[in-house]
Amino acid sequence: MKKHIFYLLSAAVCLLAGCTENLETPQSEIISRIICNDKLNAPCMGGTFSIEVNSSISWKASTAADWIALSPADGQAGKSTLSVEIKSQSFSEESRQGEIILTNAKYKVSHTITVTQTSVSQVDDNCKIIYTNNSNCPLYFNDYGPYFNANIIGDLYENGRGIFIFDEPVTSINDHAFDFTVCRSLTSITLPDSVTKIGEFAFAGCDNLTSITLSDGLTEIGTSALIFCSSLTSITLPDGVTKIGWGAFSHCDNLTSITIPDGVTEIEGSTFSSCSSLTRITLPDGVTKIGESAFGYCSSLTSITIPDGLTEIGTLAFHDCSSLTRITIPDSVTEIGSNVFSYCSSLTTVYCRPQNPPSLGGESFNGTLSNLKIYVPRISVDKYKSASGWSRYSSQIVGYDF
């Protein structure tokens, strides 16, 4: 009778502990159960994880892995929580495995939890932004929220190289994300292909940035997005880009070359203003407008190819391009703003192809060489010499057979 009562009491303890053994299981097996998950999967950036333990006996937790820390080390019978802290992976490591063992020496039982941590290389490339800097410390944001369309769930850094990891693919780099106040030490950055837009002032003032790899999916570069990136020497814009905002590359003092894709139809105001090392540029065929001051103060610019189809050249568009020696204005142009070529002190030759003189703003050739020649269609010489704005330069207008 006493033995029967003992088995009933043991069964009750097992039910309270969440066991599922047959009630006829002997006492020695019933009381020796430690119940919890036997697997834990962790991301490369690590973190703290909780494992619920439901046991009918006390236990001790241990691990041989130096990248796993456990708290508490001892647990009592009943329901409890084991906290597991996992260190972040280094960039070069592969995925790794370790074990957590819960033991009870008295009853000679144990429970093994296998911990698997993924490597950085296993993270979706569209969920990563990779960067380098020269300050030997990670980039830091007071508040990640406004800067990206996804949440940062990991921030890894070692030896000058950092990786932001997001909970979903990044589609935009929002306004001011890496601007003056945050990233003066940024030297290079690679954006995922999922990014379609770079917002206003996104990299403004990153004056140590020498390299930026833009995403293949990029379509828009916002106002002043890379203004004052004075260490940037060259950049290739992806074929999908259709819009380059006002002042996007202004004051990139060391930018010597840039490839503009065919989808761009307008070079907005001040886009390349004060890019003093830019030597030559070819605009794509689809461009119909060059905005105000678009290439102003590009003092090293010696050559620019303007496509047929362009209709408007904005005020100060080539102001103070002191190395520009010649330029051809296509016959599609109908409007030329004021001071467009003012202080182009090396300009000797302008080929102006329209038969009907485009409207010309005041002082468009102010400060140019006295021997500047403006070649116009031979049949239109008189029209140009009498047209408003052009008449001021009548002595320099020469007929030409285009």
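This passage describes the overall form, the nonpolar cores and a few individual residues of a predicted model.

The overall dimensions are a good place to start. The protein has 402 residues and a radius of gyration of 35 Å, whereas a compact globule of that many residues would have a value near 21 Å. Along the principal axes, the C-alpha atoms fill a box of roughly 130 × 35 × 30 Å. The secondary structure consists of 3 helices and 31 strands. Of the contacts with a sequence separation of 6 or more, 44% are between residues 24 or more positions apart. Buried residues account for 47% of the protein. The accessible surface amounts to about 18600 Å², and carbon and sulfur atoms contribute 47% of that area. As for charge, there are 24 positive and 40 negative side chains, with the centres of the two sets 4 Å apart.

Turning to the interior, the largest nonpolar core contains 83 residues, and the members that touch the most others are Ile-173, Phe-178, Phe-203, Phe-249, Phe-295 and Phe-318. Elements that each supply at least two residues of this core include strand 10 (128-133), strand 12 (161-166), strand 14 (186-190) and, further along the chain, strand 30 (373-377) and helix 3 (381-386). A second core, separate from this one, has 21 residues, among them Leu-40, Phe-49, Ile-57 and Trp-67.

Phe-295 offers a helpful view of the packing in the larger core. With residues up to four places away in sequence set aside, Phe-295 touches Ile-267, Phe-272, Ile-281, Leu-283, Ile-290, Ile-304, Ala-317, Phe-318 and Cys-321. One of these partners, Leu-283, sits in the loop between strand 22 (280-282) and strand 23. Leu-283 counts as buried because its relative accessible area is 3%, below the cut-off of 20%. On the same basis of leaving out residues up to four places away, Leu-283 touches Ile-260, Ile-267, Ile-290, Phe-295, Ile-304, Thr-305 and Pro-307. The C-alpha atoms of Leu-283 and Ile-306 are 5.9 Å apart, although 23 residues separate the two in sequence.

Tyr-297 lies in the loop between strand 23 (289-290) and strand 24 (303-305). Its relative accessibility is 42%, so Tyr-297 is classed as partly exposed. Beyond its neighbours within four places in sequence, Tyr-297 is in contact with Ser-273, Ser-274, Cys-275 and Ser-276, as well as with His-319 and Asp-320. Between the C-alpha atoms of Tyr-297 and Asp-124 there is a separation of 43 Å, for a distance of 173 residues along the chain.

Finally, some backbone details deserve a look. Most residues other than glycine have a negative phi, and most peptide bonds are trans. Ser-71 and Pro-72, however, are joined by a cis peptide bond with omega of about -5°, and Pro-72 is placed in the loop between strand 5 (68-71) and strand 6 (74-75). Asn-159, which is not a glycine, has a positive phi of about 50°. This residue is in the loop between strand 11 (152-158) and strand 12, and Asn-159 counts as exposed because its relative accessibility is 75%. Leu-316 likewise has a positive phi, near 60°, and is found in the loop between strand 25 (312-313) and strand 26. With a relative accessibility of 24%, Leu-316 is partly exposed.

How values were computed
Residues are numbered from 1 along each chain as its sequence is written. This is a predicted model: local features need pLDDT of at least 70, side-chain atom pairs count only at pLDDT 80 or more; totals for chains, interfaces and linings use all residues. Side-chain values use heavy atoms; hydrogens and water are left out. A nonpolar core is a set of buried Ala, Val, Leu, Ile, Met, Phe, Trp, Tyr and Cys residues joined through side-chain atoms within 4.5 Å. Buried means under 20% relative accessible area, exposed over 50%, partly exposed in between (1.4 Å probe, protein chains only). Helices (H or I, at least four residues) and strands (E, at least two) are DSSP runs, numbered from the N terminus. Contact means heavy atoms within 4.5 Å. The radius of gyration is taken over C-alpha atoms; the globule rule is 2.2 Å times the number of residues to the power 0.38. Accessible areas come from the Shrake-Rupley method with a 1.4 Å probe; for residues, only the protein chains shown count as cover. Lys and Arg count as positive and Asp and Glu as negative; His and the chain ends are not counted. The place of a charge is taken as NZ of Lys, CZ of Arg, CG of Asp or CD of Glu.
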